[in-house]
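Colleague: I have a new model open and a list of terms I would like to understand. Could you take me through what stands behind them?

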Amino acid sequence: MKPFGFSLVVAALMFSLPSAAQTPAPPAAVPGPAATPSDYILLTVIMRHDQTMNLDEINKIQAEQGFWAKFPPEGIQVESWYIAMGLGYIVTLRVPPARLREVNRAVEQGAWKAFRTEFYPTYDAKKIAETLREQATKK
């Protein structure tokens with residue numbers, strides 16, 4: 001499947017599946033908003049491997065561009081870093097809003113060519129999902 005087609009399938013699935021975020025629950029059923037301090041945002045960066053290259057070629061480009069020295073910028077905290085097979089890196093960063101441009105530049109200078117990149121503002125809804133699951137299983 002072509003990468004664009006895959007993205008359309010994923011988007012269609014996301015919008016067709018029921019979601020607690022899409023269906024407002026009564027105020028008592030959902031805990032308060034996810035706690036995200038105002039001094040940072042969570043930012044998920046998806047770096048899709050260019051599958052026209054093998055891993056050695058991708059690693060060579062990363063080395064030539066100084067990817068590992070540039071990303072993430074000094075002082076930016078990594079919340080998670082996963083490799084999704086067939087996709088690439090899925091990295092969630094804790095970013096002070098004033099440093100958002102710096103993160104973008106690090107990706108532009110270190111990751112482009114080896115990866116296609118996507119950015120998503122993110123928040124932690126784990127506790128909300130756990131509470132909703134607990135409430136649903138008690139019925």
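Modeller: Happy to. Let's start with burial: a residue is buried under 20% relative accessible area, exposed over 50%, and partly exposed in between, using a 1.4 Å probe and protein chains only. This is a predicted model, where local features need pLDDT of at least 70, side-chain atom pairs count only at pLDDT 80 or more, and totals for chains, interfaces and linings use all residues. Residues are numbered from 1 along each chain as its sequence is written, and side-chain values use heavy atoms, with hydrogens and water left out.

Colleague: Why does Phe-115 count as buried?

Modeller: Its relative accessibility is 5%, which is under the limit for burial, so the word applies. Tyr-89, at 8%, counts as buried too. Trp-81 has 27%, a value in the range between the two limits, so Trp-81 is partly exposed.

Colleague: What makes two rings an aromatic pair?

Modeller: Rings of Phe, Tyr and Trp (its six-membered ring) pair if their centres lie within 6.5 Å; planes under 30 degrees apart are stacked, over 60 edge-to-face, and the rest tilted. Searching the whole structure gives 9 aromatic pairs. In one of these, Trp-81 and Tyr-89 have ring centres 5.4 Å apart and planes at 65°, so the pair is edge-to-face.

Colleague: And how would you class Tyr-89 with Phe-115?

Modeller: That pair is tilted, with 5.2 Å centre to centre and 40° between the planes. An angle of 40° fits neither the stacked nor the edge-to-face class, so "tilted" is the word that remains.

Colleague: What does the pair of Tyr-89 and Phe-115 tie together?

Modeller: Tyr-89 is in strand β3 (residues 88–95) and Phe-115 in strand β4 (residues 115–122), so the pair ties together parts 26 residues apart in sequence. Strands (E, at least two residues) and helices (H or I, at least four) are DSSP runs, numbered from the N terminus. Ring pairs also link Phe-67, Trp-68, Phe-71, Trp-81, Tyr-89 and Phe-115 into a cluster.

Colleague: Why is β3 said to be largely enclosed?

Modeller: Because 6 of its 8 residues are buried. Strand β3 has partners as well: 8 bridges join it to β1 and the two run antiparallel, while 7 bridges join it to β2, again antiparallel. Strands pair if DSSP finds at least two bridges between them, so both counts qualify. As landmarks, Leu-42 stands opposite Arg-94 in β3, and Ala-84 stands opposite Gly-88 in β3.

Colleague: What makes Arg-94 a charge over a ring?

Modeller: A charge sits over a ring if NZ of Lys or CZ of Arg is within 6 Å of the ring centre and within 35 degrees of the ring normal. Arg-94 lies over the face of Tyr-40, at 4.1 Å from the ring centre, so the distance part is met.

Colleague: How do you know that the buried residues of helix α2 line one face?

Modeller: The buried residues of α2 (residues 55–65) are Ile-58, Ile-61, Gln-62 and Gln-65. Seen down the axis, they fall within an arc of 100°, so they line one face of the helix; the arc is that of the directions from the helix axis to the C-beta atoms. The face turned away carries the exposed residues Asp-56, Lys-60, Ala-63 and Glu-64.

Colleague: What makes Glu-118 and Arg-48 a polar contact?

Modeller: A polar contact is a pair of N or O atoms within 3.5 Å; within protein, one must be able to donate a hydrogen and the other to accept it, and residues adjacent in sequence count only if both atoms are side-chain atoms. The side chains of Glu-118 and Arg-48 make such a contact at 2.5 Å. Glu-118 lies in strand β4 and is buried, with a relative accessible area of 18%.

Colleague: Last one: why mention the backbone of Lys-113?

Modeller: Most residues other than glycine have a negative phi, and most peptide bonds are trans. Lys-113 has a positive phi of about 95° although it is not a glycine. This residue sits in the loop between α4 and β4 and, at 58% relative accessible area, is exposed. The peptide bond from Phe-71 to Pro-72 is cis, with omega near -10°.
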